[in-house]
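Q: Hey, could you walk me through this protein model? I'm new to this, so plain words please.

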Amino acid sequence: MHIEIDKDSGFCFGVTTAIHKAEEQLANSGTLFCLGDIVHNGRECERLRRLGLQTVDHQDLTRQQGSKVMLRAHGEPPQTYLTAEENHIQLIDATCPVVLHLQKRIKAEYDADTRHERQIVIYGKNGHAEVVGLVGQTNGTAIVIESIDDARTRLDFTRPISLYSQTTMPLEGFHTIIRFIQQSILEKNKSSESSEYSENSEYSELEGAFSYHDTICRQVANRIPNIRAFAQRHDVVLFVCGKKSSNGKILYNECLQVNPRTYMVEEPSEIDFTWFSDAQSVGICGATSTPTWLMEQCRDAITNR
């Protein structure tokens, strides 16, 4: 039986950088606090915990006076930086550069719109750490939508809209939201005006009422077509990721759509070897939060069964 580990799976650039920063700090001091799980993978968090990384939450932050605290790749709202400054906390900022750039863009638009007439909308997962950080750039006023139903019920199509996206959302979903908002604005305008619209007048209406910003990380977005092709090449697919991984759920479902013999595990102990009966090839892949060493452990577990 041939077993292949997907070369495009594993940590994205942002996660890799954050973990390297944590390892460097731990090598020097032996102890480091991290605000939230550094990555949505229990096994990797446990590995770093053994090296001295301690996870704290936002409620614990005020009790870390004088300590070093790492901010993970997901990013944080402005209030976190203010709390750290007030409590003399040294921040090790590992915010992904792509996320940091997005935060600055949203904050710049929010600050420039002094009357706050535009609705700043974020296509993303409610409560996700990155989204919390993005909403924080707007003093908590940004509207988070996960679906067309959210857009339909939460947006006012008579007011201007600026749409952004969480960096790890699927491109297809983002484009679906764009088309829905465009159509909704045009329908609202047509219902309130008696004159007929030409293509040029429609464009003019949208130009003033709606702008969208493709802020999806291409390193992450490109994994969807790659992982679908990978899953199609194999009889069975083993998808390795932590249960908290939002990106993992998206990529797992992409695999499942093209290969019904796709199974998700968090670690080798969860593998059911009956999955591989009659299989000539097995593909092992994972999320942007899945370490390569964990996929290798799963490969070894299958090989040595």
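**Strand pairing and packing**

A: Sure, and keep in mind that the model is predicted. Let's begin with strand 1 (residues 2-5), which pairs with strand 12 in the parallel sense over four bridges. Within that pairing, Ile3 stands opposite Val282 in strand 12.

Q: Which strand do five bridges join to strand 12?

A: That's strand 10 (residues 236-240), and strands 10 and 12 run parallel. One pair to look for is Leu238 in bridge partnership with Ile284 of strand 12.

Q: How do strands in a sheet pair anyway?

A: Strands of a sheet pair through backbone hydrogen bonds, and the pairing is either parallel or antiparallel.

Q: How many residues of strand 12 are buried?

A: Six of the six residues in strand 12 (residues 281-286) are buried, so the strand is largely enclosed by the rest of the structure.

Q: And which residues sit on which side of strand 12?

A: Ser281, Gly283 and Cys285 are on one side, with Val282, Ile284 and Gly286 on the other. They are all buried, so to speak of its faces, both are covered.

Q: Why do the residues split up like that?

A: In a regular strand, the side chains alternate between the two faces of the sheet.

Q: OK, new topic. What order do the strands of the open sheet come in?

A: The order is 3-2-4-5, so four strands in parallel pairing. Strand 3 (53-56) and strand 5 (90-93) are the edge strands, each pairing on one side only. On average, neighbouring strands in this sheet are turned by 35° against each other, direction ignored.

Q: How many bridges are there between strand 4 and strand 5?

A: Four, with strand 4 (residues 68-71) and strand 5 pairing in the parallel sense. Lys68, for example, has Gln90 in strand 5 as its bridge partner.

Q: Which strands does helix 1 lie across?

A: Helix 1 (residues 13-29) lies across strand 2 (32-35), strand 3, strand 4 and strand 5, and it runs at about 165° to strand 4. Helix 3 (residues 78-86) packs on the sheet too, touching strand 2, strand 4 and strand 5. The direction of helix 3 makes about 145° with that of strand 5.

Q: Can we zoom in on one residue? Is Ala22 buried or exposed?

A: Buried, with a relative accessible area of 0%. Ala22 lies in helix 1. Leaving aside neighbours within four places in sequence, Ala22 is in contact with Leu32, Ile38 and Met70.

Q: How far is Ala22 from Gly52?

A: In sequence they are 30 residues apart, and in space they are 9.6 Å apart, C-alpha to C-alpha.

Q: Switching to helix 4: what should its residues span, and what do the end atoms show?

A: At 1.5 Å a residue, the 16 residues of helix 4 (residues 97-112) should span 22 Å, and the end C-alpha atoms are 22 Å apart, which agrees.

Q: Which residues of helix 4 are buried?

A: They are Val99, Leu102, Gln103, Ile106, Glu109 and Tyr110. Seen down the axis of helix 4, these buried residues fall within an arc of 135°, so they line one face of the helix.

Q: What do the buried residues of helix 4 pack against?

A: They pack against strand 6, helix 5 (129-136) and strand 8 (161-165). The face of helix 4 turned away from its buried side carries the exposed residues Lys104 and Ala112.

Q: You mentioned strand 6. What does the side chain of Gln119 reach?

A: The side chain of Gln119 reaches the backbone oxygen of Asp156 at 2.7 Å. Gln119 is found in strand 6 (residues 119-123), and Gln119 is buried, with a relative accessible area of 4%. Apart from neighbours within four places in sequence, its contacts include Ile143, Arg154, Pro160 and Ser162.

Q: Last topic: phi angles. What do they usually look like?

A: Most residues other than glycine have a negative phi.

Q: So what is phi of His88?

A: Phi of His88 is near 55°, a positive value in a residue other than glycine. His88 lies in the loop between helix 3 and strand 5 and is exposed, with a relative accessible area of 66%.

Q: And where is His116?

A: His116 is in the loop between helix 4 and strand 6. Phi of His116 is near 50°, again a positive value in a residue other than glycine. At 36% relative accessibility, His116 counts as partly exposed.

Methods
Residues are numbered from 1 along each chain as its sequence is written. This is a predicted model: local features need pLDDT of at least 70, side-chain atom pairs count only at pLDDT 80 or more; totals for chains, interfaces and linings use all residues. Side-chain values use heavy atoms; hydrogens and water are left out. Two strands pair if DSSP finds at least two bridges between them. Helices (H or I, at least four residues) and strands (E, at least two) are DSSP runs, numbered from the N terminus. Axes are lines fitted to C-alpha atoms, for helices over the stretch in contact, and angles run from 0 to 180 degrees between N-to-C directions. Contact means heavy atoms within 4.5 Å. Buried means under 20% relative accessible area, exposed over 50%, partly exposed in between (1.4 Å probe, protein chains only). A polar contact is a pair of N or O atoms within 3.5 Å; within protein, one must be able to donate a hydrogen and the other to accept it, and residues adjacent in sequence count only if both atoms are side-chain atoms. The expected span of a helix is 1.5 Å times one less than its number of residues. The arc is that of the directions from the helix axis to the C-beta atoms.
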